[in-house]
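The following exercises concern one protein model and are each followed by a worked solution. Please study the sequence and the structure before reading the solutions.

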Amino acid sequence: MIDLHTHSTVSDGTETPTELVEAAAAAGVDVLGITDHDTVGGWDEAATAAERLGIALVRGIEISCTFGEAGVHLLGYLTDQHDPDLMAELARARASRATRLLRMVERMADDGIPISHDDVLAQVADGATPGRPHIADALIANGVIEHRDEAFEDWLTDESPYYVTHYSPDPVRAVELIRAAGGVPVIAHPFTRTRVDTVTDALVEQMTAAGLVGLEAFHRDHGPDEIARCRWLADRLGLVLTGSSDYHGVGKQNRLAENTTAPEVLATIEAAGTGVTAVLRP
Ligand code: AMP
Ligand code: ZN
Ligand code: FE
Ligand code: FE
């Protein structure tokens, strides 16, 4: 069982990297991908836990990119965790996320919602990548809502009057950065239904020319039409199709290994990595 997309408290998951690996082992996952937003900060702890529990670990990241109006999430597997260009880009995104969260909270507080910047900071683990789910967690702590989902129904959507963007790289540049760091780029949930048509065929073509390896077709945000579109693109452009849970602990409904990746696809990803970071195997 191969699940290549999960989050820990190093971004907006609710389990520490150790707890995440423990949960994966308990769920029967054989190969786990840890892909926190815009950070490699959970890799070392996850590696220690994976070795102890005897499961394989694919170290990765999920980069939030912007293409026009749309957000595009790019998974990067097996990148060099010391690549200066990639690390600088991730640090820039994290810094901008922190400012952006403050501005969102200001807008909410100005509108009478009982929340402060300190309330939100209290929800972000030390050094973790801050995100909208941490605002939801502060609202839960303040007794305003009971689950993150409630905040994502209105206040925290991209259409919300409180929404503020943050710095994020262009998706073609992000593919180039991941490749230059020896890693393997795969578009996360490319056709998640949002405000705007997220990923166009032309964008996938440009990203493929820059070194894209795959599309995450099997994901809870995709129905049969989205999967069919992934298949069509993959056949035409020579991409692989992955599947994963996008697990966030109790913060999201997604369950570990609810979607999985085929072993031969993992083999292609592993072979496409050209850098110092390998899949860790027990
Ligand atoms: P941000 O990274 O700040 O743009 O926030 C987006 C993140 O919030 C994504 O990683 C989503 O997985 C997460 N998210 C979206 N909807 C929900 C939800 N209903 N409950 C919890 N997390 C969510
Ligand atoms: Zn997330
Ligand atoms: Fe995502
Ligand atoms: Fe994700």
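**Exercise 1. The two metal ions**

State how far apart the iron ion (ligand 3) and the zinc ion (ligand 2) are, and identify the protein donors of the iron ion.

*Solution.* In this predicted model, the distance between the iron ion (ligand 3) and the zinc ion (ligand 2) is 5.8 Å. The iron ion (ligand 3) has as its protein donors Glu62 through OE, His73 through ND1 and His189 through NE2, which lie 2.1 to 2.2 Å from it. Along the sequence, these donor residues follow the spacing E-x10-H-x115-H.

The next step is to place the two histidines. His73 belongs to strand 4 (residues 70–77), while His189 lies in the loop between strand 5 (184–187) and helix 8 (201–209), so the pair ties together parts that are 116 residues apart in sequence.

The last step concerns accessibility. His73 has a relative accessible area of 24% and is partly exposed. His189, at 11% relative accessibility, is buried, because buried means under 20%.

**Exercise 2. The zinc site**

Determine which residues coordinate the zinc ion (ligand 2), and where Asp12 and His248 lie in the chain.

*Solution.* The zinc ion (ligand 2) is coordinated by Asp12, listed twice through OD, and by the NE2 atoms of His37 and His248, at 2.0 to 2.5 Å. The spacing of these donor residues in sequence is D-x24-H-x210-H.

Asp12 is found in the loop between strand 1 (2–3) and helix 1 (17–26), and His248 in the loop between strand 7 (240–243) and helix 10 (263–272). The two are 236 residues apart, and the pair thus links distant parts of the chain. Both Asp12 and His248 are buried.

**Exercise 3. The cysteines**

Find how many disulfides the whole structure holds, and explain why Cys65 is not bonded to Cys230.

*Solution.* A disulfide is a covalent bond between the sulfur atoms of two cysteines. A search of the whole structure gives 0 disulfides.

For Cys65, the closest cysteine sulfur is that of Cys230, and it is 16 Å away, which is too far for a bond. The cut-off needed here is 2.5 Å between the sulfur atoms. Considered from the other side, Cys230 is in no disulfide, and its nearest cysteine sulfur is that of Cys65.

Accessibility completes the solution. Cys65 is buried, with a relative accessible area of 2%, and Cys230 is buried at 0% relative accessibility.

**Exercise 4. Two helix pairs**

Describe how helix 7 packs with helix 8, and how helix 3 packs with helix 5.

*Solution.* Two packed helices are described by the angle between their axes and the distance between the axes.

For helix 7 (residues 171–180) and helix 8, the axes come within 9 Å and cross at roughly 25°. Helix 7 is therefore roughly parallel to helix 8, because angles under 35 degrees count as roughly parallel. The crossing of helix 7 and helix 8 is right-handed. In the contact, Pro171, Val172 and Val175 of helix 7 meet Leu203, Gln206 and Met207 of helix 8.

For helix 3 (residues 84–110) and helix 5 (residues 132–141), the axes come within 10 Å and cross at roughly 40°. This angle makes helix 3 oblique to helix 5. The crossing of helix 3 and helix 5 is right-handed. Helix 3 contributes Arg100, Leu101, Met104, Val105 and Met108 to the contact, and helix 5 contributes Arg132, Ile135 and Leu139.

Notes: Residues are numbered from 1 along each chain as its sequence is written. Chains are lettered from A and ligands numbered from 1 in the order in which they are written. This is a predicted model: local features need pLDDT of at least 70, side-chain atom pairs count only at pLDDT 80 or more; totals for chains, interfaces and linings use all residues. Side-chain values use heavy atoms; hydrogens and water are left out. Donors are N, O and S atoms within 2.8 Å of the metal (3.2 Å for Na, K and Ca); water is not among the atoms, so sites may look incomplete. Helices (H or I, at least four residues) and strands (E, at least two) are DSSP runs, numbered from the N terminus. Buried means under 20% relative accessible area, exposed over 50%, partly exposed in between (1.4 Å probe, protein chains only). Axes are lines fitted to C-alpha atoms, for helices over the stretch in contact, and angles run from 0 to 180 degrees between N-to-C directions. Angles under 35 degrees count as roughly parallel, over 145 as roughly antiparallel, 65 to 115 as roughly perpendicular and the rest as oblique. A crossing is left-handed if the near helix is turned anticlockwise from the far one by less than a right angle, and right-handed if clockwise. Contact means heavy atoms within 4.5 Å.
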